[in-house]
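Please open the model in your viewer and keep the selection panel at hand. The stops below say what to select next and what is there.

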Amino acid sequence: PSLETLVEKAKMLFKDTFGREASAGGAAPGRVNLIGEHTDYNLGFVFPMALPLVTVVVGAAAAEGANCRVKSFAGSGEDLTVEFGLERTEPGEPAWANYFKGVVSHFHAAKLLPAFEAVIV
């Protein structure tokens, strides 16, 4: 599907899940290193390239409460939902959410980050 189709799907799923419109969003391409992992900063060679696959995230500040709620619709068909507090971003289960929690944990302005709700497609 096109990026526009994925963005519209994410916005629709957010509204269906949380009952309101998303107020922010972003998209990032997939990436693969054809030679080497973690070698570029060790003076080695890498050959990264973007993939035609993308990840789309849309969200908004939480309507109520102090917890973040994230729901992934990442193709598996299973219900992938996680809820966590901004002060509880240590790795745990489900494992897929650790990527998301890591970004939140290392956000440069973490003290300004409100609890949020988000959908990943």
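**A tour from the central strand outwards**

Begin by selecting Gly 59 together with Ala 118, its bridge partner in E5. Before going further, note that this is a predicted model, in which local features need pLDDT of at least 70, side-chain atom pairs count only at pLDDT 80 or more, and totals for chains, interfaces and linings use all residues. Residues are numbered from 1 along each chain as its sequence is written, and side-chain values use heavy atoms, with hydrogens and water left out. Helices (H or I, at least four residues) and strands (E, at least two) are DSSP runs numbered from the N terminus.

Now extend the selection to strand E2 (residues 48–61) and E5, which run antiparallel and are joined by five bridges; two strands are said to pair if DSSP finds at least two bridges between them. Adding E3 shows a parallel arrangement, with four bridges joining E3 to E5. On the other hand, E1 and E2 pair in the antiparallel sense over nine bridges, and there Asn 33 has Pro 48 in E2 as its bridge partner.

Stay with E5 and look at its two faces: Phe 116, Ala 118 and Ile 120 on one side, and Glu 117 and Val 119 on the other, are all buried, where buried means under 20% relative accessible area, exposed over 50% and partly exposed in between (1.4 Å probe, protein chains only). Five of the five residues of E5 are buried, so the strand is largely enclosed by the rest of the structure.

Next select Lys 71, which is placed in strand E3 and stands opposite Val 119 in E5. Lys 71 is buried, with a relative accessible area of 18%. Not counting residues up to four places away in sequence, Lys 71 touches Thr 17, Asp 79, Leu 80, Thr 81, Ala 118, Val 119 and Ile 120, contact meaning heavy atoms within 4.5 Å.

For the interior, select the largest nonpolar core, whose 12 residues include Val 70, Phe 84, Phe 100, Phe 116 and Ile 120; such a core is a set of buried Ala, Val, Leu, Ile, Met, Phe, Trp, Tyr and Cys residues joined through side-chain atoms within 4.5 Å. Two or more of its residues come from each of strand E3 (67–72), strand E4 (80–85), helix H2 (97–105) and strand E5 (116–120). A second, separate core of 10 residues includes Leu 6, Ala 10, Val 56 and Ala 60.

Centre the view on Phe 100, which, leaving aside its neighbours within four places in sequence, is in contact with Val 57, Val 70, Phe 84, Phe 116, Ala 118 and Ile 120.

Finally, which elements each supply at least two residues of the lining of the largest pocket? They are strand E1 (24–33), E2, H2 and E5, and E2 gives the most, with six residues.

To end, select Glu 93 and Pro 94, where the peptide bond between them is cis, with omega near 0°; Pro 94 is found in the loop between E4 and H2.
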